[in-house]
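Please find below a short note for your consideration. The points address one helix and the ligand site in turn.

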Amino acid sequence: MKVSVVGTGYVGLISGVCLADTGHQVACVDIDDEKVQKINRMDATIHEAGLGELLERNVGNRFCATTDLRKAVQDSELTLIAVGTPFHGDAIDLKYVSAVAHQIGEVLRDKRDYHVVVVKSTVVPGTTDNVVLPILEETSGKKAGPDFGVGMNPEFLREGEAIEDFNFPDRIVLGGIDSRTHDALGALYSAFKETDILKTSNKTAEMIKYTANSLLATMISFSNEIGNLCTALGGVDVSEVMHGVHLDKRLTPILENKRRIWPRFTTYLEAGCGFGGSCFPKDVKALIAHGKKKGQPMHLLESVIEINDGQPQKILDLLAKYVPEPQGRKIAVLGLAFKPGTDDMRESPAIPVVKKLQAKGANIIAYDPVAENEARKIFGNNHIVYKKSVSDTISGAAAVLLITRWQEFADLPKLLNAMDPVPVLIDGRRMIPKDNVRRYDGIGM
Ligand code: UDX
């Protein structure tokens, strides 16, 4: 198929180049000419494992980037809308989705062939049918259904693992106004013969996306609430609690050699310093706001956000036990990105932790394998220096804060135990086995 994708961020670029890799002809559209030129030079514009190779394999034959939306839509059969849907205060912001829908509608006005417009951006339930579809009809002067199709195809991509998640999805959800739209979307994913494909309405597809993210966020805040109680109780470790809980067949249905093996770090029941990123916080808040707008209070999800907002402070509360006065003290911060595998700092728990320590006059030594450049835009150079290795970062520190679970931090016990004096490790992700470190504290124990 000939496909156009509007928006070359995490979702648009990964979806576009992966679809090209399955054999489609894809044009990714963006208003940022510099980004377009970079992509066409096969330079990865985002930090995603495997993106460089994908671009090299597809740019110039099945894939290109362009600023010319009109030509991209005219020359394609299906357009994916993959622009941002930020959350501002009390509602999701649909200005980018609406603007792109207008532009696509104007092209459809002059287009004779049948075309399918598909929303891939995360939008609250009802948006595709009640906002995007009317704009397309008004601006094209045509009728959805007979003249063009309208669908909704949510993404389930994790940053840092987005290409893996696109190429090996757990499920593909295809919303559509009619069977013709569903058939076009079926053809788009024809290469995914091993994957469950769910054909449904646009509104249900939107709701599946929000519910999936809200459930994962709820599980994280649940583990954090239990972890906070473990801390208050004393003598109970949330990691051991979650191990025991996971031996329930309903949580760990898969057996290995007839034994239930705790699926650590895969069930989103890991207590820590909180979830960040561009999805969980935004999507949960957007769904809360949407529920309220529909007269349906969202008590549970409000608590999910409230608990999460309080988690970064737990790191500082633990630090205060060992360094009650951080002013002038050397505090090492390991990990700045909101999760490993990405340089994305959006809503990272490192932001409130570092900013509060800067305000207290601590001497922060920070290290993140890839997020340093993003971090400098946020923290500047006040009371913080950036290092290029774990050992340089922790050398001489009074305390070490682990904020992001980068795999290279697994060697911490060896490095810490060789120091004199040994700094306390505050494990914000419960990554390091507590018995392997001479001075250890962590969330939820
Ligand atoms: C998430 C969803 O997983 C993905 O399906 C959706 O399409 C987009 O949003 P992402 O935000 O990229 O993906 O990252 P994810 O790996 O899900 O982690 C989100 C946050 O939760 C991270 O800050 C991580 O540290 C935190 N987390 C994750 C926990 O605190 N505890 C856990 O057990 C798991």
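Against which elements do the buried residues of α14 pack?

1. The model is predicted. In it, the buried residues of α14 pack against α13 (350-359) and β15 (384-386).

2. The residues in question are Glu372, Ala375 and Phe379, which are buried in helix α14 (residues 372-379). They lie on the same side of α14 because they cover an arc of only 55° around the axis. As a general matter, an α-helix has 3.6 residues a turn, so residues three or four places apart point the same way.

3. Asn373 and Lys377 are exposed and sit on the face of α14 that is turned away from its buried side. After α14 comes Gly380, with a positive phi near 65°.

4. Turning to the ligand, 19 residues surround it, and those that come nearest are Glu159, Lys209, Tyr268, Phe338 and Lys339. By class, the shell consists of ten nonpolar, two polar and seven charged residues. Helix α9 (residues 202-233) supplies the largest share of this shell, with four residues.

5. Which residues place polar atoms 2.9 Å, 3.1 Å and 3.3 Å from an oxygen atom of the ligand? At 2.9 Å the partner is a polar side-chain atom of Lys209. A polar backbone atom of Gly276 lies 3.1 Å from a ligand oxygen, and an N or O atom in the side chain of Arg429 lies 3.3 Å from a ligand oxygen. On its own the ligand has 660 Å² of accessible area, of which the protein covers 91%.

Note on methods
Residues are numbered from 1 along each chain as its sequence is written. This is a predicted model: local features need pLDDT of at least 70, side-chain atom pairs count only at pLDDT 80 or more; totals for chains, interfaces and linings use all residues. Side-chain values use heavy atoms; hydrogens and water are left out. A residue is near a molecule or strand if one of its heavy atoms lies within 4 Å of it. A polar contact is a pair of N or O atoms within 3.5 Å; within protein, one must be able to donate a hydrogen and the other to accept it, and residues adjacent in sequence count only if both atoms are side-chain atoms. Accessible areas come from the Shrake-Rupley method with a 1.4 Å probe; for residues, only the protein chains shown count as cover. Helices (H or I, at least four residues) and strands (E, at least two) are DSSP runs, numbered from the N terminus. Ala, Val, Leu, Ile, Met, Phe, Trp, Tyr, Cys and Pro count as nonpolar, Asp, Glu, Lys and Arg as charged, and the others, Gly among them, as polar. Buried means under 20% relative accessible area, exposed over 50%, partly exposed in between (1.4 Å probe, protein chains only). The arc is that of the directions from the helix axis to the C-beta atoms. Contact means heavy atoms within 4.5 Å.
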